[in-house]
Each structure stands twice: as C-alpha cells, then as structure tokens.
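Colleague: I would like to learn how to read a model like this one. Please take me through it one feature at a time.

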Amino acid sequence: MVMRVRQREIVEVPFTLPDGRVLVHPGLVVSSDELQDVEDGLIYVLLISSKNHHPGYTIKIENEWLSKPMSRQSYFITHIMGMYRVEEVMAQKNCFIKERYFDGIIDKIVNSIFG
C-alpha cells in the first residue's frame, strides 16, 4: 500500500477518461506535498498517455526530462487530471520529472484548462 507520494512523481492510478471508461494509466503528481497532509491524503494527478489524440493539449515527454526514461514515447495530457487519495495509487514508478521542466508543464495545464 502506498503511504505517500511526492510532487513531480510518476504513479499509476485508475483514470476516468472523457468517454467514461476507467483505465489504469501513469500520471504525474502535480499537487503540492503539503496538500496530502492538509486534506488527508488528497492528490491531483495529470494523465500520461502513449496516444497523442489532441496535440494542442499534450506535451511530448522527452527522456532527459525524467529521472529514468519511460518504456515508450508518451505525452502529458494537459486537460485531463484526476483527484485521488494516496491509497488509490496503484503503483509508484520510482520516476520523477526534473524540477526545471515542471513549471512549463504547470503553465500548459493552466492554459489548456483556463486559457
């Protein structure tokens, strides 16, 4: 059982997709570490997919952005994010996005959803 995750960590969670299907997918923890403490394990996770269906809403993940490379080409899907409890995390990937790339991803999320 997962007890804690970190901002910028890649985890696996059961995403509810726009068509209503629920699929286990990797995702990037975008919420602050402190939110887990304040809200009893609450986290926000951004969808990662190997499919680039809506290129205006994706960011191609470059291997040099990560602490360890992904097994195949993947994308941050900047308009699909889920709210979870830490105990819903199905797996931790022991992989993090490097801090210097994180702010650009957050900016794209804000523009995709609110822009």
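Modeller: Begin with a cut-off: a polar contact is a pair of N or O atoms within 3.5 Å, and within protein one must be able to donate a hydrogen and the other to accept it. Keep in mind that this is a predicted model.

Colleague: Which backbone oxygen lies 3.2 Å from a polar atom of the side chain of His 25?

Modeller: That of Ile 48; the distance of 3.2 Å can be set against the limit of 3.5 Å.

Colleague: Where does His 25 lie, and is His 25 buried or exposed?

Modeller: Buried means under 20% relative accessible area. His 25 has 17% relative accessibility, so it counts as buried. Its place is in strand β2, which covers residues 22-29.

Colleague: What is His 25 in contact with, leaving aside its neighbours within four places in sequence?

Modeller: The list is Val 11, Glu 12, Val 13, Phe 15, Leu 47, Ile 48 and Ser 49. Two strands help to place these names: β1 is residues 9-16, and β3 is residues 42-49.

Colleague: How are the strands put together?

Modeller: Strands of a sheet pair through backbone hydrogen bonds, either parallel or antiparallel. Here six strands make an open sheet in the order β4-β5-β3-β2-β1-β6, and the pairing is antiparallel. Strands β4 (58-60) and β6 (91-96) stand at the edges with a single partner strand each, so one side of each has no neighbour in the sheet. From one strand to the next, the twist averages 50°.

Colleague: How many bridges join β2 to β3, and over how many do β1 and β2 pair?

Modeller: Three bridges join β2 to β3, while β1 and β2 pair over seven. Both pairs are antiparallel. Between β2 and β3, Leu 28 stands opposite Leu 46 and Gly 27 stands opposite Leu 47. Between β1 and β2, the bridge partner of Pro 14 is Val 24.

Colleague: What do β1 and β2 form?

Modeller: A hairpin, with five residues between the two strands. In the turn, Gly 20 has a positive phi of about 95°.

Colleague: What packs on the sheet?

Modeller: Helix α2, residues 99-114, does so, touching β2, β3, β4 and β5 (75-85). The direction of α2 makes about 90° with that of β5.

Colleague: Next, Val 45 in strand β3. Is Val 45 buried or exposed?

Modeller: Val 45 counts as buried because its relative accessibility is 0%. Beyond four places in sequence, its contacts include Val 11, Val 13 and Phe 15, then Gly 27, Leu 28 and Val 29, and also Ile 80, Met 81, Gly 82 and Tyr 84. For a C-alpha distance, take Arg 8: this residue is 37 residues from Val 45 along the chain, and their C-alpha atoms are separated by 9.5 Å.

Colleague: And the protein as a whole: in what order do its elements run from the N terminus on?

Modeller: The order is β-β-α-β-β-β-β-α, made up of two helices and six strands. A compact globule of 115 residues would have a radius of gyration near 13 Å, and the protein agrees because it has 13 Å. The C-alpha trace spans about 35 × 30 × 30 Å along its principal axes.

Colleague: What share of the 115 residues is buried, and what area does the protein expose?

Modeller: Buried residues make up 40%. The protein exposes about 6,800 Å², of which carbon and sulfur atoms supply 50%. Among contacts between residues at least 6 apart in sequence, 63% join residues at least 24 apart.

Key: Residues are numbered from 1 along each chain as its sequence is written. This is a predicted model: local features need pLDDT of at least 70, side-chain atom pairs count only at pLDDT 80 or more; totals for chains, interfaces and linings use all residues. Side-chain values use heavy atoms; hydrogens and water are left out. Helices (H or I, at least four residues) and strands (E, at least two) are DSSP runs, numbered from the N terminus. Buried means under 20% relative accessible area, exposed over 50%, partly exposed in between (1.4 Å probe, protein chains only). Contact means heavy atoms within 4.5 Å. Two strands pair if DSSP finds at least two bridges between them. Axes are lines fitted to C-alpha atoms, for helices over the stretch in contact, and angles run from 0 to 180 degrees between N-to-C directions. The radius of gyration is taken over C-alpha atoms; the globule rule is 2.2 Å times the number of residues to the power 0.38. Accessible areas come from the Shrake-Rupley method with a 1.4 Å probe; for residues, only the protein chains shown count as cover.
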